[in-house]
Amino acid sequence: MPRVLVVGGGIAGDTVALMLGRAGWEVTVAEIAPALRGGGQAVDLRGDCREVVARLGLLDEVLGSLLDQRGAAWVDSSGRRLAAMPVEAFDGNGYVSKEELLRSDLARVLHEAAGAHVTHLFGETVEALEDVPNGVSVRFRHAPPAEFDLVIGADGAHSRVRRLRFGPEEVFRRPLGLAHAWFTMDETPATPSVDGWFITHNAPGSRSVEARPGHPGQQEIGFTFAASGLPPRHDREAQFALLDRVFADVGWRTRELLAAARHAPDFALDTFDQIQVPSWSDGRVVLLGDSAWCASPLSGLGTALALRGAAELADALAAADALRLPHRLSDALTAYEAAMRPRVDDAQRLFPGRVRQAAPRTELGIHVVAWLIRCIQRPPLAKTFSRLAAGHGQSAAA
Ligand SMILES: Cc1cc2nc3c(=O)[nH]c(=O)nc-3n(C[C@H](O)[C@H](O)[C@H](O)COP(=O)(O)OP(=O)(O)OC[C@H]3O[C@@H](n4cnc5c(N)ncnc54)[C@H](O)[C@@H]3O)c2cc1C
């Protein structure tokens, strides 16, 4: 039976593992975290995401985890509303929709479904990949070396598989000039309610603070700011110090939220980047999801692309009958790339002004963004934006 190694047990990794496991491949998933990774904010179930989840037979379970959301609102430093976009805007294709769930809930559903068909190795990663006749020899960090017919690098934007096989991250990374910190905050009796709204406060200097609904009793918090480099990922104190410095004079709930960051078990900080790799496969090693094509959270399409990519890869392997005829793997990998490239190119083409809109530079810019958000929801622009949002797959406000 052909053996496949999936590196990274995130959305893309567990989805492709589930599909290949069900199709009869012997699948191992090596995930570097010690357990399934929680954390992350809301992901959008519309479009590709819904279609693939339904095809996997997991739609009911996923629909059971939807967040209770009412819309997006932009507020000034005293909490006064500057603009709002309810979930009903643009025929339900607005900035926030009724069909969103936490990334951690989607990851859990996929992981549990994959569990029956797949061997998961947690706290594990690859140290070396070496071509051998008819396979790839893999040296793991802990497990004994093993050979696989196919290695799938689904290990996210900072992919190790990509580095080992295709080259250093700098070659493929296109920074968008912003960084983002996100975490889950437990509410206390003193915590202001978000009441189902995804609330953003923009401050001059390209700084943005967000609070949005999470599981009952929790809020999902985000800080966005201009940055080209960040402290090392393991240096939490330096990361908190940077946030404290950048957001020191920002109003609204910023002080409370900066304090909460220090107690969050799932705190994360990263730059907004795109990843562009000219070819996603090399021999029997193939990239999938953010490792191949991260479009950045600003696209709003990371999860949809991960799910669609996993389905396209599994379909291409099935169409080439690569399970019985492993020598046809390369045909399958070519077909997978041909199917995904146009979608990825489209997703990476962010709406003009998207980066500036996420974190406006000046007070005037903040008010222009709020004004635009109000304007595009009124006739005659509302109709045009409804059509655009429905067609492009990115939210109307993006
Ligand atoms: C904890 C978390 C929170 C996120 N939150 C958001 C969010 O709020 N908004 C948003 O737009 N996007 C978020 N993302 C990114 C989003 O999940 C992806 O853009 C999208 O779902 C594509 O998924 P992916 O499987 O390609 O990558 P990811 O979801 O990033 O999954 C990659 C997986 O690979 C694992 N991994 C990394 N390095 C290695 C290694 N060397 N060896 C083995 N395993 C490795 C990671 O631990 C992770 O489980 C988050 C990702 C993670 C991991």
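1. The shell around the ligand comprises, by class, 9 nonpolar, 12 polar and 7 charged residues. These values are computed from a predicted model, and the remarks below should be read with that in mind. Of the 28 residues around the ligand, those that come nearest are Glu31, Gln41, Arg103, Thr125 and Asp290.

2. Three of these nearest residues deserve a closer look for their polar atoms. Gln41 places a backbone N or O atom 2.6 Å from an oxygen atom of the ligand, whereas Thr125 has an N or O atom of its side chain 2.7 Å from a nitrogen atom of the ligand. Asp290 likewise contributes through its side chain, an N or O atom of which is 2.7 Å from an oxygen atom of the ligand. As for overall cover, the ligand taken alone exposes 910 Å², and the protein buries 86% of that area.

3. Turning to the secondary structure that lines the site, at least two residues of the shell are supplied by each of α1 (11–23), β2 (26–31) and α11 (302–319). The largest share comes from α11, with 3 residues of the shell around the ligand.

4. Two of these lining elements can also be followed into helix packing, beginning with α1. Helix α5, residues 103–115, packs with α1 at an angle of about 25 degrees, and the two axes are 9 Å apart. Angles under 35 degrees count as roughly parallel, and α1 and α5 are therefore described as roughly parallel to each other. The crossing of α1 and α5 is left-handed.

5. For α11, the packing partner to consider is helix α12, residues 329–348, with an angle of about 155 degrees between them and axes 8 Å apart. Because that angle falls in the range over 145 degrees, α11 is roughly antiparallel to α12. The crossing of α11 and α12 is right-handed.

6. Two points of backbone geometry should be inspected in the model. Most residues other than glycine have a negative phi, and most peptide bonds are trans. Against that background, the peptide bond from Pro379 to Pro380 is cis, with omega near 0 degrees, and Pro380 lies in the loop between α14 (363–375) and α15 (381–392).

7. The second backbone point concerns Asp91, a residue other than glycine whose phi is positive, near 55 degrees. Asp91 is found in helix α4, which covers residues 89–92.

Technical notes
Residues are numbered from 1 along each chain as its sequence is written. This is a predicted model: local features need pLDDT of at least 70, side-chain atom pairs count only at pLDDT 80 or more; totals for chains, interfaces and linings use all residues. Side-chain values use heavy atoms; hydrogens and water are left out. A residue is near a molecule or strand if one of its heavy atoms lies within 4 Å of it. A polar contact is a pair of N or O atoms within 3.5 Å; within protein, one must be able to donate a hydrogen and the other to accept it, and residues adjacent in sequence count only if both atoms are side-chain atoms. Accessible areas come from the Shrake-Rupley method with a 1.4 Å probe; for residues, only the protein chains shown count as cover. Helices (H or I, at least four residues) and strands (E, at least two) are DSSP runs, numbered from the N terminus. Ala, Val, Leu, Ile, Met, Phe, Trp, Tyr, Cys and Pro count as nonpolar, Asp, Glu, Lys and Arg as charged, and the others, Gly among them, as polar. Axes are lines fitted to C-alpha atoms, for helices over the stretch in contact, and angles run from 0 to 180 degrees between N-to-C directions. Angles under 35 degrees count as roughly parallel, over 145 as roughly antiparallel, 65 to 115 as roughly perpendicular and the rest as oblique. A crossing is left-handed if the near helix is turned anticlockwise from the far one by less than a right angle, and right-handed if clockwise.
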